[in-house]
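Hi there,

Here is the structure I promised to pass along. Have a look at it first, and my notes follow below.

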Amino acid sequence: MQYDNIQDSILVSNYIKGDESALEILINRHKQKIYSFIFSKVYDRDVAEDIFQDTFIKVIRTLKRGAYNEEGKFLPWVMRISHNLVIDYFRKNNRMPKFDNTEEFNIFSVLSDNSLNAESSIIKYQVENDVRRLVEELPDDQKQVLLMRIYDDLSFKEISDKTGVSINTALGRMRYALINLRKIIDKHNIILTN
């Protein structure tokens with residue numbers, strides 16, 4: 001069978017059905033992009049190799065559990081897994097750059113990679129879509145508070161005034177929104193990172 005022309009989604013499906021060679025094709029197809037991405041963050045070949053292997057161990061476990069639901073977006077999904085593992089590596093080794101709290105700090109500005117703008121754009125777009133879908137699953141009262149707080153940047157006092165509920169109710173709705181988002185993320189095995 002000629003694998004070069006087969007879409008990732010079909011190879012994933014074939015692997016899930018027991019065709020081990022389909023995963024090998026997927027790894028060979030994307031290894032250069034994924035490994036280069038990891039190496040550009042850690043600048044250490046041994047560490048990059050370990051994270052690359054851990055990425056595919058996680059991919060295999062997720063596929064074997066039947067928990068993959070990325071609708072044909074295999075590469076962005078794998079890139080998000082590898083990005084999460086890079087961040088885990090930095091956290092575990094206390095290698096995160098230290099910043100004082102006088103300026104806003106964004107981890108992704110430290111880990112930025114201008115050479116992979118296409119992949120970064122795909123991942124960012126996918127994360128934004130995932131978040132929108134997740135928020136849509138929330139009950140209306142929780143969704144309203146979450147959108148006002150996160151997207152409109154309103155204080156809980158302002159949310160209270162706008163919605164006509166007490167500050168404690170607004171806080172409670174926000175708390176339940178976050179709890180429910182975590183449950184939805186776990187239920188769908190979604191990995192959010194950009």
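A polar contact of 2.8 Å links the side chains of glutamine 142 and asparagine 180. Please keep in mind, here and below, that this is a predicted model. Glutamine 142 is part of helix α7, and with a relative accessible area of 10% it is buried. Leaving out residues up to four places away in sequence, glutamine 142 touches Arg173, Tyr176, Ala177 and Asn180. Asparagine 180, the partner in the polar contact, is thus also on the list of residues that glutamine 142 touches.

Right beside glutamine 142 in the numbering comes a charged residue worth a look. Lysine 143 makes a salt bridge with aspartate 140, and their closest N and O atoms are 3.7 Å apart. Both residues sit in helix α7, which covers residues 140–151, and they are three residues apart, about one turn of the helix. How do the two ends of this pair fare, buried or exposed? Lysine 143 counts as buried, because its relative accessibility is 13% and the cut-off for buried is under 20%. Aspartate 140 counts as exposed, because its relative accessibility is 59% and exposed begins over 50%.

Two other salt bridges caught my eye. In helix α8 (residues 156–163), lysine 157 and aspartate 161 are four residues apart, so about one helical turn separates them. Their side chains meet in a salt bridge with an N to O distance of 3.2 Å. Lysine 157 is partly exposed at a relative accessible area of 48%, and aspartate 161 counts as exposed at 52%. Back in helix α7, aspartate 140 and lysine 143 belong to a network: salt bridges that share partners join Glu136, Asp140 and Lys143.

The other one connects two helices. The side chains of glutamate 20 and lysine 64 meet in a salt bridge, 3.4 Å from N to O. Glutamate 20 belongs to helix α2 and lysine 64 to helix α3, so this pair ties together parts that are 44 residues apart in sequence. Glutamate 20 is partly exposed, with a relative accessible area of 48%, while lysine 64 is exposed, with 55%. The count of salt bridges in the model comes to seven. As general background, side chains of opposite charge can pair when their charged atoms come close.

Now to the nonpolar side of things. The largest nonpolar core has 30 residues, and Ile38, Val42 and Phe74 have the most contacts inside it. Four helices each supply at least two residues of this core: α1 (8–16), α2 (20–42), α3 (45–65) and α4 (74–92). Which helix gives the largest share of this core? That is α4, with ten residues. Apart from this core lies another, of 15 residues, including Val145, Leu146, Met174 and Leu181. In soluble globular proteins, nonpolar side chains tend to be buried together.

Helices α2 and α4 also pack against each other, at an angle of about 30° and with their axes 10 Å apart. Their crossing is right-handed. On the α2 side the contact is made by Leu26, His30, Lys33, Ile34, Phe37, Ile38, Lys41 and Val42. On the α4 side the residues are Phe74, Leu75, Val78, Met79, Ser82, His83, Val86, Tyr89 and Phe90. Ile38, Val42 and Phe74, named above for their contacts inside the largest core, thus appear in this helix pair too.

One of the α2 residues in that contact, histidine 30, deserves its own note. Histidine 30 lies in helix α2 and counts as buried, at 8% relative accessibility. Leaving aside neighbours within four places in sequence, histidine 30 is in contact with Asp8, Phe74 and Leu75.

Finally, the overall picture. The protein chain has nine helices and zero strands, and along the sequence the pattern reads α-α-α-α-α-α-α-α-α. Of its 194 residues, 39% count as buried. Among contacts in the chain with a separation of 6 or more, 58% come from residues 24 or more positions apart.

Happy to go through any of this with you.

Best wishes

Definitions and conventions: Residues are numbered from 1 along each chain as its sequence is written. This is a predicted model: local features need pLDDT of at least 70, side-chain atom pairs count only at pLDDT 80 or more; totals for chains, interfaces and linings use all residues. Side-chain values use heavy atoms; hydrogens and water are left out. A nonpolar core is a set of buried Ala, Val, Leu, Ile, Met, Phe, Trp, Tyr and Cys residues joined through side-chain atoms within 4.5 Å. Buried means under 20% relative accessible area, exposed over 50%, partly exposed in between (1.4 Å probe, protein chains only). A salt bridge is a side-chain nitrogen of Lys or Arg within 4 Å of a carboxyl oxygen of Asp or Glu. A polar contact is a pair of N or O atoms within 3.5 Å; within protein, one must be able to donate a hydrogen and the other to accept it, and residues adjacent in sequence count only if both atoms are side-chain atoms. Contact means heavy atoms within 4.5 Å. Axes are lines fitted to C-alpha atoms, for helices over the stretch in contact, and angles run from 0 to 180 degrees between N-to-C directions. A crossing is left-handed if the near helix is turned anticlockwise from the far one by less than a right angle, and right-handed if clockwise.
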